[in-house]
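Hi everyone, thanks for coming along. I'd like to walk you through one model today, starting from a small detail and working outwards.

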Amino acid sequence: MKIIITAIDFVYNWGRSNSIWPLTFATSCCGIEMISTSAAKFDIARFGSEVFRATPRQADLMITAGTVTHRMAPALVKLYEQMPEPKYVLAMGACAVTGGMYENDSYSVVRGVDRLVPVDVYLPGCPPRPEALLDAIIQLQKKMRIETILERKKYIESHKIRVKLPEDDSEILLPHDELEVYHWGVQADGYNLNELELTRSGIGR
Amino acid sequence: MSELEQNKTTNDAGTTPGIFCSLLIDKGYKASPLKNSKDGTEIIQVQPENLVDVATLLKMHKEAQFILLYSITGVDYPDKFELIYHLQSVKLNKKLILKSHIDKNNPEIDSLAQVFATANWHERETYDLLGIKFNNHPDLSRILLPNDWKGHPLRKDYVMDDERLVWNER
């Protein structure tokens with residue numbers, strides 16, 4: 001039985017990992033690099049991902065290319081929910097990973113897309129080069145190839161959205177109580193205000 | 001030092017009414033000239049209640065033809081709000097800047113959306129970030145932040161108390 005499933009897994013994973021259809025989702029400047037990646041010079045079609053779908057119903061992968069604001073967050077969660085399983089998220093660029101240069105003081109930016117939806121591959125850079133995006137897609141392919149249909153439940157459990165959807169018509173998305181949100185960098189350690197002032201005025205460090 | 005003084009004298013010379021300011025004064029509007037900007041653009045301060053009339057005049061007058069409004073800016077000063085309108089005349093290849101001061105406690109001004117269609121979204125943005133209300137605006141709702149956001153972030157006395165900002169907690 002196990003041998004048969006392993007064989008099925010091999011064929012199934014080979015097929016879907018070489019035909020990842022991304023969703024056309026570009027919220028800011030990383031989208032330009034994504035477009036460049038899909039154009040002739042870098043040619044994402046070499047890895048089977050050239051079919052950018054304009055509807056989430058036909059997409060396997062969401063490349064969150066760029067800053068996600070609080071205005072955009074409900075739309076992003078809705079698009080992610082509309083994608084069919086199995087679905088993957090690639091956080092492209094510093095803004096989608098941690099909030100990037102908006103991490104400290106911004107009022108409007110969500111600090112990392114992983115606070116909304118689970119992320120499979122993180123791709124830092126501001127913006128990352130097209131080669132880096134291709135590398136991230138290859139990493140995702142490697143990840144898909146070692147999956148097995150026996151662990152389907154585990155996969156579905158780990159790919160739930162990380163926010164509470166509002167029950168009324170409001171747009172307020174808040175973090176899910178049960179699911180942990182990871183903090184790192186300045187968000188986890190905090191920073192010393194005095195030191196920051198010294199650095200800004202050019203005296204310290 | 002000498003360069004600074006030269007700049008100062010040229011700027012002072014610009015406070016005499018320019019051609020468009022004299023046009024407005026001739027038509028009976030309260031308009032006062034301010035110092036020209038560095039590229040020689042005329043800056044006029046107008047009364048907020050005259051703003052729509054002044055903009056219509058500058059758009060329709062044969063000698064002016066400022067048909068393009070390309071920027072609306074709001075500034076939060078300690079004692080007032082200032083609105084800055086940038087106009088462009090394609091015919092004359094000239095720019096013009098209108099400034100208007102409004103009350104700090106009750107910031108309201110008439111909308112220019114009936115004169116320039118592009119003012120619609122610019123005014124929505126100014127309303128969103130500074131909380132200046134535009135009377136007679138067709139749809140004065142938020143444009144950059146969620147519709148149920150609390151407060152106007154670019155005000156100097158803004159307090160981050162929106163529920164969504166729990167994302168920022170460390």
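**A glycine, two chains and a sheet**

Let me begin with A:G125, which touches A:G93, A:A94 and A:A132, once residues up to four places away in sequence are left out. Before I go further, please keep in mind that this is a predicted model. So where does A:G125 sit in the chain? Its place is the loop that links β4 to α5 in chain A. One of its partners deserves a second look: A:G93 is 32 residues away from A:G125 in sequence, yet their C-alpha atoms are 5.0 Å apart. Is A:G125 buried or exposed, then? It counts as partly exposed, because it has 16 C-beta neighbours inside 10 Å, whereas a buried residue would need 20 or more.

That loop holds another feature. The peptide bond from A:C126 to A:P127 is cis, with omega near -15 degrees, and A:P127 is also placed between β4 and α5 of chain A. There is a cis bond from A:E85 to A:P86 as well, with omega near -10 degrees. A:P86 belongs to the loop between α3 and β3 of chain A.

Still on backbone geometry, let me point to A:D43. Its phi is near 55 degrees, which is positive although the residue is not a glycine. You will find A:D43 in the loop between α2 and β2 of chain A. A:D43 counts as partly exposed because 13 C-beta neighbours lie inside 10 Å.

Now let's step back to chain A as a whole. It has eight helices and six strands, and from the N terminus the order reads α-β-α-β-α-β-α-β-α-α-β-β-α-α. Of its 205 residues, 33% count as buried. Taking contacts between residues at least 6 apart in sequence, 76% join residues at least 24 apart.

What about the interior? The largest nonpolar core has 41 residues, and the members touching the most others are A:M62, A:L90, A:A91 and A:M92. Which elements of chain A each supply at least two residues of this core? They are α2 (30-38), β2 (61-65), α3 (73-82), β3 (88-92), α4 (94-97), β4 (121-123) and α5 (130-145). Let me zoom in on A:A91. Neighbours within four places aside, its contacts are A:T64, A:A96, A:V97, A:V113, A:D114, A:V119, A:Y122 and A:L123. Separate from this core there is another one, of 29 residues, including B:F20, B:I43, B:L58 and B:F134.

That brings us to chain B. Here we have four helices and seven strands, running α-α-β-β-α-β-β-β-β-α-β from the N terminus. The C-alpha atoms fill a box of roughly 55 × 45 × 30 Å along the principal axes. Of the 170 residues in chain B, 28% count as buried. And among contacts in chain B between residues at least 6 apart in sequence, 43% link residues at least 24 apart.

Next, the sheet. Five strands of chain B form an open sheet with mixed pairing, in the order β1-β2-β5-β4-β3. Its edges are β1 (31-34) and β3 (68-76), each of which pairs on one side only. On average, neighbouring strands are turned by 25 degrees against each other, direction ignored. At one edge, β1 and β2 (residues 42-46) of chain B pair in the antiparallel sense over four bridges, and B:S32 stands opposite B:Q45 in β2.

Two helices of chain B pack on this sheet. Helix α2 (residues 19-26) touches β1, β2 and β5 (94-103), and its direction makes about 25 degrees with that of β2. Helix α4 (residues 119-130) touches β3 and β4 (80-89), and its direction makes about 10 degrees with that of β3.

Chain B has a positive phi to show us too: B:Q65 is no glycine, and its phi is near 55 degrees. This residue is in the loop between α3 (51-60) and β3 of chain B. B:Q65 is partly exposed because 17 other C-beta atoms lie within 10 Å.

Last stop: how do the chains meet? In the model, 15 residues of chain A are in contact with 14 residues of chain B. On the chain A side, these are five nonpolar, six polar and four charged residues.

Thanks for listening, and I'm happy to take questions.

Methods. Residues numbered from 1 in each chain as written. Chains lettered and ligands numbered in written order. Predicted model: local features only at pLDDT ≥ 70, side-chain atom pairs only at ≥ 80, totals over all residues. Contact = placed C-beta atoms within 7 Å. Nonpolar A, V, L, I, M, F, W, Y, C, P; charged D, E, K, R; others polar. Pairing = 2+ DSSP bridges. Axes fitted to C-alpha atoms, helices over the stretch in contact; angles between N-to-C directions. Core = buried A, V, L, I, M, F, W, Y, C linked by C-beta atoms within 7 Å. Buried ≥ 20, exposed ≤ 12 C-beta atoms within 10 Å, placed from the backbone.
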